[in-house]
Structures are given as C-alpha cells and as structure tokens.
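Subject: Structure for you to look at, with notes

Dear colleague,

I am passing on the structure we spoke about, and I would be glad if you could open it alongside these notes. The sequence and the coordinates come first, and my findings follow.

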Amino acid sequence: MSGMYALKPWFVGRLRSCEEVLVARRVSPNTITLAAILASVMAGGVIAGGATFDRPLLWLAVLPLGVMRLALNALDGSVARRLRMSSPRGAVLNELGDRACDLAVFAALVTVAPAWMVVTGIAAVTLTSTAGVMALAITGTRDTGGPMGKADRVVVLGLAGLVAAAIDSQTPFILAIGAVICGCAITTWLRVSRISTEMPDVRQ
C-alpha cells in the first residue's frame, strides 16, 4: 500500500509552471520549505480560530492550505535539484520542516478534540515519519508507503474541515484524528516490517 504518495509524480507535473518560475528567480529551496511551514501554521490557525471564535466556516480553508503545504513540500525538492542546491543540510531542514508542519496542525486540533487524542496523534505521526527516515538510514531508500503518509494525513484532516464546516460540528475532526492514529499505526508496522525484510541481518 503506497497511499496517496503514488500520485506525487502526477501532482509534481501539475506544478511544473510554478517550478519554472521559482527556478528562473532562483528561489532558495529552504525558503520554499519555510513557506510550507507557514501554510501549516495558517491551517492550524484556522482550525483554532474556527473553534475559539465559533466561526466554523474558517475550517473550509484547512484543505486548500494543506494542499498548498504539499505543493511547497514537492517544490522544494524539485527546485533544489534543478538549481543543484541539494545538500545534507537542506535534507535535514526538509525533515524538520515536515515535523514542524505536522505539529502546527495537530497542536491546533486540541481546540476541537480531546487532548489525549491529539497527543496520541502527534506520537503516531512522529513514529510513522521516524520509520520512514530509519528506512533511508538502513536501506538507503526513504520509505513513503503505507495508508497514512503525509499526503494522506493532510487530505483526511482537510476533508474533515470541509465536513465540519458544512455541519457546524467538531466531530469530523475527532473522527479524522482517530483515522490518522489507526492508519499511522498500520503504516509504521508496514515500514518496520519492510526494513526487516530488506535487511534481514540487521541486529538491534
């Protein structure tokens, strides 16, 4: 199961014109990464704002801001390759940026869901991402497979925002967090299993 990551080549293709503009202007990949974090902070802001100020229509912005984050996440890597600016430091910043994006959104979910669910969700997402990075360190290939990778999480929470706004209820967010937790548990297990299969001689 590869999740929505399988759609990345198609998604990147749709961003080609944006990529050309960024390359022509020699925009730093790190700047694009920071813009992705800003989009996630804004997504978290509209989640919290909708709940705090009883403005559920704000939740309609969660999905487009999430898609913006995914677009920027895709563009920072492609622009780095085009400008030959790929570096270990950039890779680290990209990973830290992804975790910051997740945290910005999940921290805001405490305004619409029980705190224990939010904390569990953050832990589940962190474990899933860590398993992917472990695969890169051990096998040389980043594992992006599983039913609840980055893109899947963004879409699930974004759709929850649309439904929550339509019915004026926080329940869709709670259900979405539950789905993310369960999906991340499966994804983490699958990624760790693949590491064990590909590197049978690795010892703890």
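Below I go through the helix pairs, then the cysteines, and then a few single residues in the loops and at a helix start.

Please keep in mind throughout that this is a predicted model.

**Helices H4 and H7**

Helix H4, which covers residues 62–82, and helix H7, which covers residues 150–167, have axes that come within 7 Å and cross at roughly 160°. Since angles over 145 degrees count as roughly antiparallel, H4 and H7 are therefore roughly antiparallel to each other, and the crossing in which H4 passes H7 is left-handed. On the H4 side the contact involves Val-62, Leu-63, Gly-66, Val-67, Arg-69, Leu-70 and Asn-73, and these meet Lys-150, Ala-151, Val-154, Val-155, Leu-157, Gly-158, Leu-159 and Leu-162 on the H7 side. Sorted by class, the residues of this contact between H4 and H7 are ten nonpolar, three polar and two charged.

**Helices H7 and H8**

H7 also packs with H8, at an angle of about 165° and with the two axes 8 Å apart, and H7 and H8 are therefore roughly antiparallel to each other. Here H7 passes H8 in a right-handed crossing. H7 contributes Arg-153, Val-156, Leu-157, Ala-160, Gly-161, Val-163, Ala-164 and Ile-167 to the contact, while H8 contributes Pro-172, Phe-173, Ala-176, Val-180 and Cys-184. By class, the contact of H7 with H8 has eleven nonpolar residues, one polar residue and one charged residue. If you are tracing individual side chains, Leu-157 is worth finding, since it is listed in the contact of H7 with H4 and also in the contact of H7 with H8.

**Helices H5 and H6**

In the third pair, the axes of helix H5 (residues 88–108) and helix H6 (residues 115–139) come within 10 Å and cross at roughly 165°, which makes H5 roughly antiparallel to H6. The crossing of H5 and H6 is right-handed. Glu-95, Arg-99, Asp-102, Leu-103 and Phe-106 of H5 make this contact with Val-118, Gly-121, Ile-122, Val-125, Ser-129 and Val-133 of H6. The classes in the contact of H5 with H6 are six nonpolar, two polar and three charged residues.

**Cysteines**

As a disulfide here requires a pair of cysteine sulfur atoms within 2.5 Å, the count for the model comes to zero disulfides. For Cys-101, which is in no disulfide, the nearest cysteine sulfur is that of Cys-184, 15 Å away. Cys-101 counts as buried because its relative accessibility is 0%. Cys-182 is likewise in no disulfide, and the nearest cysteine sulfur to Cys-182 is that of Cys-184, at 9.6 Å.

**Two aspartates with positive phi**

Most residues other than glycine have a negative phi, so two aspartates may deserve a look. Asp-54, although it is not a glycine, has a positive phi of about 55°; this residue lies in the loop between helix H3 (29–52) and H4, and it counts as exposed because its relative accessibility is 53%. Asp-168, also not a glycine, has a positive phi of about 55° and lies in the loop between H7 and helix H8 (171–198). With a relative accessibility of 48%, Asp-168 counts as partly exposed.

**Val-27 and Thr-171**

Val-27 is found in the loop between helix H2 (16–24) and H3, and at 21% relative accessibility it counts as partly exposed. Setting aside its neighbours within four places in sequence, Val-27 is in contact with Leu-22, Ile-32, Val-79 and Leu-83. Of these partners, Val-79 lies 52 residues from Val-27 along the chain, and the C-alpha atoms of the two are separated by 8.1 Å.

Thr-171, finally, lies in helix H8 and counts as partly exposed, with a relative accessibility of 42%. The C-alpha atom of Thr-171 is separated by 8.6 Å from that of Ala-160, and the two residues are eleven apart along the chain. Ala-160 is itself one of the H7 residues in the contact with H8.

With best wishes

Methods. Residues are numbered from 1 along each chain as its sequence is written. This is a predicted model: local features need pLDDT of at least 70, side-chain atom pairs count only at pLDDT 80 or more; totals for chains, interfaces and linings use all residues. Side-chain values use heavy atoms; hydrogens and water are left out. Axes are lines fitted to C-alpha atoms, for helices over the stretch in contact, and angles run from 0 to 180 degrees between N-to-C directions. Helices (H or I, at least four residues) and strands (E, at least two) are DSSP runs, numbered from the N terminus. Angles under 35 degrees count as roughly parallel, over 145 as roughly antiparallel, 65 to 115 as roughly perpendicular and the rest as oblique. A crossing is left-handed if the near helix is turned anticlockwise from the far one by less than a right angle, and right-handed if clockwise. Contact means heavy atoms within 4.5 Å. Ala, Val, Leu, Ile, Met, Phe, Trp, Tyr, Cys and Pro count as nonpolar, Asp, Glu, Lys and Arg as charged, and the others, Gly among them, as polar. Buried means under 20% relative accessible area, exposed over 50%, partly exposed in between (1.4 Å probe, protein chains only).
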